[in-house]
Amino acid sequence: MIAFENVAYSYGGGDLLADVSLRLAPGSFHFLTGPSGSGKSTFLKLAYAELLPSSGQVMLFDRNVTSLSRDDVARTRRRIGVVHQDCKFLDHLSLAANMALPFTVSDRESAPQDMVDLLGWVGLSHLSGALPPQLSGGERQRAALARAVIVDPDVILADEPTGNVDWEMSLRILTLLVELNRMGKTILVATHDLNLIRQAKAQIQARVLRIAKHRIQLAGADL
Amino acid sequence: MKPPAAKPASPATRALQVVPPSGPTAWLTTFTAGAMTFLCVFALALSLASGRLADRWSEALARTATIRLSAPAEQMQLQTDAILAVLAKTPGIASFRALTDAETRALLEPWFGPDLPIEALPIPRLIEVVEARPGYDSEGLRQRLSGEAPGAVLDDHTRWRRPLVEAATRLRLLGVLSIALIGAAMAAMITLAARAALATNAEVIRVLRLVGAKDSYIARAFVRRFTLRTLAGASVGAAAGIAGVAALPATDAAGGFLTGLGFAGTGWLWPLILPPLAAIVAFLATRRAAFRQLRDLT
């Protein structure tokens, strides 16, 4: 699905990531951890083609990202649901309209019942008409997760999805991600919350990757 | 609790909704389109009026000529008769007549007063000639006149007509040039407004790209908005311009140029094409600006 082959990414003259090789198998669950500024978000941006590698190859669904046209990138992103740390909502649109954006931009109609079910799944049925600034941090994260899965993507990438919520809400979001993985989705979660990772590993088979010294290491044994 | 049921919006409407509706560029686009179209209506009126004027002058002057006869008093009538005889045999002439002394006096009266002793002065005899279609051979007529009446000079008004028609034709071209310049200025201002809107909404565009929007979708959302705003502004501008032209004084008997500035007959329909034309200009300008700006985003 997503494969990195000797990928490096440089910014401002220095390497942020170097010699990264990784393959996300279908249906797998990965955590990506590391200190702030270690390159977790950069790794995710490379994985959904917001950034292009300085060297090496990033393959998305067996296609090299550097060979993708702008329209191809757009089509590829419809197969990857991304939960951004800051959610990336359009503040002038209602929660329901924001959740339906992946459908809207592909000129497709979301099934009303699917929308109702999805809102119920993330526990936001009563807020469908609310504007994003009216939502709490946890509500925004759950809504972002709902938007990420609305077009039934193959892969879900989440960047610190529990960064701004309390522990109870973190567990709730984790439960949703675990449910998605059990439905066959490939999941990659960037987080520095080791407790969350331990909690997840108690429920599912998850690999833990750590970025250290610009490289990715398997860190499962440390947890 | 279920979300409120609402009638699903069309894809085009939803595309419009993803871009925030208000902003400093909204009124600027509408105002620019309205003002430019208002000016365009006047430029169009000028151009059409100049065209009519050129045609009218050309037609009126082209169909008349004057023969001026200067001859000794004892030869005057003889040569006048000879000229009239030549004219009677010349094909392409609808009518001709020698002006009477009273008519000649009336022509000179504005300069010399009513008491001019016309009989005592060597004033040339004037003969008015009206051309038939397709016209006469002026060079052949000149040669025949020089043989029959050596003192006759044919003035077919060419030297008067040419500068008048040239002036009117250039006025018409100026009108057309003004319309083109106004259109170009409108395109430039709408391009600037579109770029400002795109820059203001850079984060919105980024979000749309992240959720899988193609450039064409994002551009369409902006292009539709700017095209509709321009169409609305231009419609108001055209209506105001038409009302302004209609309020100009009507053509009077003197046929002064200013009183003839306006539309005539089907000419009133011309301003109606300006709003769609402005919308097309906005469509192309915004589309070009949008794609250029989107190229810089990943």
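How many residues does the contact take from chain B, and how many from chain A? I put this to the model, which is a predicted one, and I noted that the contact takes 21 residues from chain B and 25 residues from chain A.

I then looked up which helices of chain B supply the side that touches chain A, and I wrote down helix H1 (11-17), helix H7 (202-210) and helix H8 (215-246), each of which supplies at least two residues. H7(B) gives the most to that side of chain B, with 4 residues. Sorting the residues of the side of chain B that touches chain A by character, I recorded 14 nonpolar, 3 polar and 4 charged.

Next I turned to the domains of chain B, where the assignment gives domain 1 as 11-53 + 171-294 and domain 2 as 71-150. For the separation of domain 1 of chain B from domain 2 of chain B, I noted that their C-alpha centres lie 57 Å apart.

My last entry concerns a helix pair in chain B, namely helix H3 (residues 73-89) and helix H5 (residues 138-148), whose axes come within 10 Å and cross at roughly 150°. Because angles over 145 degrees count as roughly antiparallel, H3(B) is roughly antiparallel to H5(B). I also entered the crossing of H3(B) and H5(B) as right-handed. On the H3(B) side the contact is made by B:Ala82, B:Ile83 and B:Val86, and on the H5(B) side by B:Arg144, B:Leu145 and B:Glu148. The residues of this contact of H3(B) with H5(B) divide into 4 nonpolar and 2 charged, with no polar ones.

How values were computed:
Residues numbered from 1 in each chain as written. Chains lettered and ligands numbered in written order. Predicted model: local features only at pLDDT ≥ 70, side-chain atom pairs only at ≥ 80, totals over all residues. Axes fitted to C-alpha atoms, helices over the stretch in contact; angles between N-to-C directions. Parallel < 35°, antiparallel > 145°, perpendicular 65-115°, else oblique. Left-handed = near helix turned anticlockwise from the far one by under 90°. Contact = placed C-beta atoms within 7 Å. Nonpolar A, V, L, I, M, F, W, Y, C, P; charged D, E, K, R; others polar. Domains from an automatic or database assignment.
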